[in-house]
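Grab a coffee and open the viewer. Here are some exercises to work through, each followed by a solution in steps.

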Amino acid sequence: MVSGLTVSERQWGMAILVILAFIGLAMAAAGASRADPMQAHGFIVLLFSLAVLGVLLRGFFAPEPPETRLESYYDDPSKVGIVVAMVWAVFAMFVGDWVAWLLAFPDLTFDAAWSSFGRLRPVHTTGIIFGFGGNALIATSFHVMQRTSRARMPDQFSPWFVLIGYNLFCILAVTGYFMGITQSKEYAEPEWYADIWLVIVWVTYLLLYLRTLARRKEPHIYVANWYYLAFIIVVAILHIVNNLAVPASFAGVKSYSLFSGVQDAMTQWWYGHNAVAFFLTAGFLGMLYYYLPKRAERPIYSYRMSIIGFWGITFFYMWAGSHHLHYTALPQWVQTLGMTFSVMLLVPSWIAAANALLTLNGAWHKVRDDATLRFMMMAAVFYGLSTFEGSFMAIRSVNALSHYTDWTIGHVHAGAMGWVALITFGSIYAVVPWLWKRERMYSPALVEVHFWLALAGTLIYVFAMWNSGIIQGLMWRTYNDSGTLTYSFLDSMVAMHPYYVARAIGGLLFLIGAVVGCYNIWMTIRRPEHTSAPSGDAPFPSTLQPAE
Amino acid sequence: MFGTHYRLERKSIVLAVAIMVVASIGGLIEIAPLFTIDETVETDPDMRVYTPLELAGRNIYIREGCYACHSQMIRTLQDEVERYGPYSLAVESKYDHPMLWGSKRTGPDLARVGGKYSDQWHAAHLRNPRDVVPESIMPRYPWLDETPLHTSHLGDDLRALRKVGVPYTDDMIANASADAVAQASPDDDTAGLVERYGDATQIRAFDGDQRTVSEMDALVAYLQILGKLSTVPHQAAATTPVVPPVTER
């Protein structure tokens with residue numbers, strides 16, 4: 001893969017990695033001066049840079065790649081991104097299932113700080129959202145933007161910088177939680193230096209996307225790219241605003257957020273809810289809008305529904321965050337606005353889901369026979385269900401019951417497992433044979449097995465959490481005849497035990513499915529390259545088309 | 001409308017700017033006024049700041065991810081007020097950078113846990129929750145007792161907090177490390193600490209061990225101050241109605 005880079009791109013890579021190694025060294029020295037965990041993170045940055053440098057050096061002196069490379073799409077970063085995404089998936093799902101078991105059997109862990117629930121929990125959330133989800137989004141966006149623009153990326157350096165730099169961020173985040181480095185802002189836990197690094201990576205990502213679009217041979221920008229663009233742009237805005245902080249020292253990891261109390265809470269949930277909206281929804285809708293019609297071999301059902309869905313989601317979602325703060329010290333006018341927009345949000349959400357499902361009209365027999373397409377169809381169904389549930393839970397009086405309970409956890413996982421993970425697995429099963437030029441996945445039967453494991457796991461998980469959440473909420477508010485509260489908090493906690501066990505079993509099924517998926521992908525990659533039959537992937541445009 | 005879009009989607013920069021504008025409106029309208037409307041945060045001239053030891057304890061609370069299972073925000077619902085105490089006001093987390101309102105109650109709310117249990121109970125509970133609450137599913141934190149608290153750089157923490165708006169004085173910043181040690185050492189000279197942070201400052205060997213200042217000291221000191229930084233919620237509770245229970249008896 002290194003030999004595919006031009007000599008100057010290899011030199012750029014070398015320069016950046018050497019600088020990064022020195023930054024790591026400086027961090028380690030600064031941290032050591034005050035016995036701060038910054039020291040460990042400095043060494044991690046250093047080792048990471050040296051490891052990548054080692055890979056680079058192995059191909060550094062290869063001859064300049066031939067000019068014919070410019071006559072095809074550049075897919076090496078997508079291939080690596082997909083493999084890395086699956087590694088993150090298995091790791092983070094394993095940690096997720098572990099913490100699920102911990103809630104049923106709290107001593108099922110090591111007698112060490114790093115392995116306690118509070119430190120493992122963000123490892124799970126970050127590993128899934130940013131490790132698995134983020135890498136899958138980056139990898140597929142590279143694939144989709146080139147195909148829908150019918151243009152190769154402008155250079156080969158930026159995509160690697162984005163992918164590798166992004167994974168450095170994820171590694172800093174996750175290793176940090178094990179050591180207790182966290183800002184405590186949910187889904188924005190990494191500390192200030194990791195946040196700054198992500199900004200650099202993310203701006204490069206945006207520029208790469210815009211530069212590729214600028215080279216497009218297609219006058220219109222396809223709808224999948226609108227979503228990927230919204231994902232990149234809005235996540236940048238959210239990330240920067242929510243992470244504004246003052247470090248206690250530039251030689252230490254600790255920082256204090258710029259905002260406090262009620263303003264901080266509102267900013268955090270404006271971020272938190274829109275991380276769901278623009279990371280976990282917009283980005284994956286980009287995936288859906290490309291891979292579902294490609295796999296079904298049907299055009300998107302409605303252009304107008306695409307437009308209304310897209311702008312509705314982009315506009316309405318940003319108001320919805322305050323529904324996380326009903327009945328709190330947040331002024332009521334903000335709560336009411338949040339609730340109102342959350343309910344209205346159902347319209348564009350269902351338009352997007354309906355547009356996906358109606359695209360399958362005329363291809364339902366393929367949904368029956370093809371587990372890959374069924375992954376995508378089921379994802380759209382779960383997207384519709386969980387956006388309905390979300391709007392419902394945002395209603396103040398419903399939220400009075402559901403907030404602080406496991407119902408929220410169930411809702412999040414209906415979205416994360418049912419929508420995000422299923423669309424990702426479906427897209428990966430579609431794109432792996434295209435990227436590696438194989439006729440099909442190694443085993444369609446194993447895709448089928450994965451589908452049923454994932455669906456069963458999701459359903460068990462979500463039903464367990466609906467039960468536990470609603471029971472919890474009801475027990476907390478039940479009064480007896482004398483007008484006092486019937487149940488102690490402990491009573492409600494003890495009542496959760498069977499549901500926590502069920503949830504952990506559901507998670508385990510989902511994890512086994514992901515492992516089966518990894519095996520299948522690995523065996524597909526090891527199969528010999530397929531040359532004759534059409535791969536289904538969009539071909540690179542020949543230079544002689546007169547219409548251009 | 002669709003004709004306009006037909007042209008818009010042919011220009012990547014215009015599309016990107018449009019996304020930026022459309023996505024910014026909601027946040028601007030909901031967040032910016034929270035900084036300018038005075039009624040958003042109640043006033044409390046007697047509001048206390050965290051002492052260095054309590055702040056260190058708060059940072060341990062953050063480090064261990066306690067906020068993932070414990071909220072610090074009592075909602076204006078009658079059952080919550082009866083279970084946990086007067087509902088939380090914005091002013092109480094005025095100096096919380098970041099806030100720790102939380103989003104999940106795997107364990108109970110902690111907004112008013114200060115003074116509810118003894119130091120001994122907290123220390124025993126943190127060492128192994130199942131020693132005092134057999135059904136508990138909380139993790140054990142036995143290492144807190146054995147880990148000495150890092151106090152040498154607490155001045156940096158106070159200085160950073162002052163930059164973001166917490167009224168720490170030069171005196172407080174200069175004496176941060178000594179004050180942290182003094183608060184957990186009742187036999188030492190604590191006059192300076194009391195002078196800086198007020199008579200209500202709790203000075204005890206929180207972990208039951210006079211000789212060292214451990215992370216347990218800091219965390220228990222923090223838990224014991226929760227809900228006690230301001231007295232305004234207790235005054236407001238008498239006058240403001242809460243949402244009545246909805247469940248049938």
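## Exercise 1: A residue in the core

A:Ala224 touches A:Val144, A:Gly286, A:Tyr289 and A:Tyr290, leaving out residues up to four places away in sequence. Keep in mind that this is a predicted model.

**Task.** Find out which element holds A:Ala224, and whether A:Ala224 is buried or exposed.

**Solution.**
- Step 1: place the residue. A:Ala224 belongs to helix H7 of chain A, which covers residues 223-242.
- Step 2: check the cover. The relative accessible area of A:Ala224 is 0%, and the cut-off for buried is under 20%, so A:Ala224 is buried.
- Step 3: look for partners along the chain. A:Phe284 is 60 residues away from A:Ala224 in sequence, yet their C-alpha atoms are separated by 9.1 Å.

## Exercise 2: Two serines

**Task.** For A:Ser158 and A:Ser255, work out which side chain each one makes a polar contact with.

**Solution.**
- Step 1: start with A:Ser158, which is in helix H5 (residues 157-179) of chain A. Its relative accessibility is 6%, so A:Ser158 counts as buried.
- Step 2: list its contacts. Apart from neighbours within four places in sequence, A:Ser158 is in contact with A:Thr204, A:Leu208 and A:Arg211.
- Step 3: pick out the polar one. The side chains of A:Ser158 and A:Arg211 make a polar contact at 3.3 Å.
- Step 4: move to A:Ser255, found in strand E2 (residues 255-257) of chain A. With a relative accessible area of 5%, A:Ser255 is buried.
- Step 5: go through its contacts too. Neighbours within four places aside, the contacts of A:Ser255 include A:Gln183, A:Trp192 and A:Pro247. A:Glu191 is also one of them, and a polar contact of 2.6 Å joins the side chains of A:Ser255 and A:Glu191.

## Exercise 3: A loop residue that meets the other chain

**Task.** Which residues of chain A are in contact with B:Glu64?

**Solution.**
- Step 1: locate B:Glu64. Its place is in the loop of chain B between helix H3 (52-63) and helix H4 (78-84).
- Step 2: read off the accessibility. The value is 2%, so B:Glu64 counts as buried.
- Step 3: sort the contacts by chain, skipping neighbours within four places in sequence. From chain A come A:Ser116, A:Gly118 and A:Arg119, while chain B supplies B:Tyr141 and B:Trp143.
- Step 4: add a distance. B:Tyr141 lies 77 residues from B:Glu64 along the chain, and the two C-alpha atoms are separated by 9.3 Å.

## Exercise 4: Backbone oddities

**Task.** Which residues are joined by a cis peptide bond, and where is A:Glu297, whose phi is positive?

**Solution.**
- Step 1: take the cis bond. It joins B:His97 and B:Pro98, with omega about -5°. B:Pro98 is in the loop between H4 and helix H5 (119-127) of chain B.
- Step 2: turn to A:Tyr187. Phi is near 70° here, a positive value, and this residue is not glycine. A:Tyr187 has its place in the loop between H5 and helix H6 (192-214) of chain A, and at 18% relative accessibility A:Tyr187 counts as buried.
- Step 3: finish with A:Glu297. Phi is near 55°, again positive in a residue other than glycine. A:Glu297 is in the loop between helix H8 (261-296) and helix H9 (303-316) of chain A. Its relative accessibility is 63%, so A:Glu297 counts as exposed.

## Exercise 5: Zooming out to the chains

**Task.** Test each chain against the globule rule: is chain A compact or spread out, and is chain B compact or spread out?

**Solution.**
- Step 1: sum up the elements of chain A, which has 18 helices and two strands. Its radius of gyration is 24 Å, close to the 24 Å the globule rule gives for 548 residues, so chain A is as compact as a globular protein of that length.
- Step 2: repeat for chain B, with 13 helices and zero strands. The radius of gyration of chain B is 22 Å, well over the 18 Å from the globule rule for 249 residues, so chain B is more spread out than a compact globule.
- Step 3: add the burial. In chain A, 65% of the 548 residues count as buried; in chain B, buried residues make up 60% of the 249.
- Step 4: count charges. Chain A carries 31 positive and 29 negative side chains, with the centres of the two sets 7 Å apart. Chain B carries 24 positive and 35 negative ones, and there the centres lie 8 Å apart.

Methods
Residues are numbered from 1 along each chain as its sequence is written. Chains are lettered from A and ligands numbered from 1 in the order in which they are written. This is a predicted model: local features need pLDDT of at least 70, side-chain atom pairs count only at pLDDT 80 or more; totals for chains, interfaces and linings use all residues. Side-chain values use heavy atoms; hydrogens and water are left out. Helices (H or I, at least four residues) and strands (E, at least two) are DSSP runs, numbered from the N terminus. The radius of gyration is taken over C-alpha atoms; the globule rule is 2.2 Å times the number of residues to the power 0.38. Buried means under 20% relative accessible area, exposed over 50%, partly exposed in between (1.4 Å probe, protein chains only). Lys and Arg count as positive and Asp and Glu as negative; His and the chain ends are not counted. The place of a charge is taken as NZ of Lys, CZ of Arg, CG of Asp or CD of Glu. A polar contact is a pair of N or O atoms within 3.5 Å; within protein, one must be able to donate a hydrogen and the other to accept it, and residues adjacent in sequence count only if both atoms are side-chain atoms. Contact means heavy atoms within 4.5 Å.
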